[in-house]
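Me: I am new to reading protein models. Can you take me through this one step by step?

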Amino acid sequence: MALSVSSLASSLSSLSFSSQVSPKPNALALPRPKPLSVSLPSRASPLAVSASAAAAAAPAAAPSEPEAADLRKYVKSRLPGGFAAQSIFGTGRRKCAIARVVLQEGTGKVVINYRDAKEYLQGNPLWLQYVKVPLVTLGYENSYDVFVKAHGGGLSGQAQAISLGIARALLKVSEDHRSPLREEGLLTRDSRVVERKKVGLKKARKAPQFSKR
């Protein structure tokens, strides 16, 4: 019995010693948060770069309004007395669109509603072609500046109305332009419009589905 008691005492003393020794390595392993302080500046740098890039890009979009104001002043300086006081003019129509066109000798610049034609027509090549065809037919694409006031309809209808207006204005320059413009069909007013909706139908001609029973 004396041996067993002594062995138990020695085992208990060893357990208490290990419990006292075990906390020390944990206390030594505490200084770990140092890498966090190093990683934080690296994450903040892209935000600073993006903020600086946005600040640099903001002034670039601002000059659009002054350019529009300058273009309006330019048109008014070129057309003293307004559109109605000019001698070379023409009116074109297509669907619901109406375009009043004035031609002046220049370099081929086209201004629609105080905006550049490419910007106003959204860079659509077909619509821009409608505007240029009458001048290209007679070889005047770099000889006249075109000033337009257009309203009604959509951009496609307005572009075709401008084409007819330019063709009619070119007749004021010379009556000899009639035959080449007529051959290209540029003096014909396209009378097609959207057909009205009918009572009892879904659209102009589309009818509800027929059911016999």
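The questions below go through strands, cores and empty spaces in turn.

Me: What kind of model is this?
Reply: Keep this in mind for every answer below. The model is predicted.

Me: How do β1 and β2 run, and how many bridges join them?
Reply: Strand β1 covers residues 89-94. One of the pairings sets Arg-93 against Ile-98 in β2. The two strands run antiparallel, and the bridges that join them number six.

Me: Which residue in the turn between β1 and β2 has a positive phi?
Reply: The two strands form a hairpin, with two residues between them. Phi is about 55 degrees at one residue in that turn. That residue is Lys-95.

Me: Over how many bridges do β2 and β5 pair?
Reply: Look at two matched positions. Ala-99 has Ala-150 in β5 as its bridge partner, and Glu-105 stands opposite Tyr-144 in β5. The sense is antiparallel, and the number of bridges is eight.

Me: In which sense do β3 and β5 pair, parallel or antiparallel?
Reply: Val-110 stands opposite Val-146 in β5. Three bridges link β3 and β5. Their sense is parallel.

Me: Why is β5 largely enclosed by the rest of the structure?
Reply: Count the residues under 20% relative accessible area, the cut-off for buried. β5 has eight residues. It is largely enclosed because the number of them that are buried is six.

Me: Which element supplies the largest share of the largest nonpolar core?
Reply: This core has 29 residues, and Ile-112, Leu-121 and Val-146 are among those with the most contacts inside it. Several elements supply at least two residues each, including β2 (97-105), α6 (125-138) and α7 (155-173). The largest share is eight residues, and it comes from α7.

Me: How many residues are in the other core that lies apart from it?
Reply: Its members include Leu-71 and Leu-79. Val-102 and Tyr-114 also belong to it. The count is eight.

Me: Which residue of α7 (155-173) does Val-148 touch, leaving out residues up to four places away in sequence?
Reply: Val-148 is itself among the residues with the most contacts inside the largest core. Its contacts include Phe-83, Ala-99, Val-101 and Ile-112. The list also holds a residue whose number falls in 155-173, the range of α7. That residue is Ile-162.

Me: What space lies in the largest cavity?
Reply: A search of the whole structure finds one cavity of 30 Å³ or more. Its space is about 40 Å³.

Me: Which element gives the most to the lining of the largest cavity?
Reply: The lining includes Val-75, Phe-83 and Asn-113. By class, it has six nonpolar, one polar and one charged residues. Phe-147, Val-148 and Lys-149 are also in the lining. The top contribution is three residues, and it comes from β5.

Me: What is the volume of the largest pocket?
Reply: Among the residues that line it are Arg-93, Tyr-130, Gln-160 and Asp-190. The classes are split as four nonpolar, four polar and four charged. The volume is about 170 Å³.

Me: Which element supplies the largest share of the lining of the largest pocket?
Reply: Three elements to check are β1, α6 and α7, since each supplies at least two residues. The largest share is three residues. It comes from α7.

Key:
Residues are numbered from 1 along each chain as its sequence is written. This is a predicted model: local features need pLDDT of at least 70, side-chain atom pairs count only at pLDDT 80 or more; totals for chains, interfaces and linings use all residues. Side-chain values use heavy atoms; hydrogens and water are left out. A nonpolar core is a set of buried Ala, Val, Leu, Ile, Met, Phe, Trp, Tyr and Cys residues joined through side-chain atoms within 4.5 Å. Buried means under 20% relative accessible area, exposed over 50%, partly exposed in between (1.4 Å probe, protein chains only). Contact means heavy atoms within 4.5 Å. Two strands pair if DSSP finds at least two bridges between them. On a 1 Å grid over the protein atoms alone, a cavity is a set of points where a 1.4 Å probe fits but cannot get out, and a pocket is an open set with protein on both sides within 12 Å along at least five of seven lines; lining residues have an atom within 4 Å of a point. Grid points are joined across faces, edges and corners, and a volume is the space filled by probe spheres set on the points. Ala, Val, Leu, Ile, Met, Phe, Trp, Tyr, Cys and Pro count as nonpolar, Asp, Glu, Lys and Arg as charged, and the others, Gly among them, as polar.
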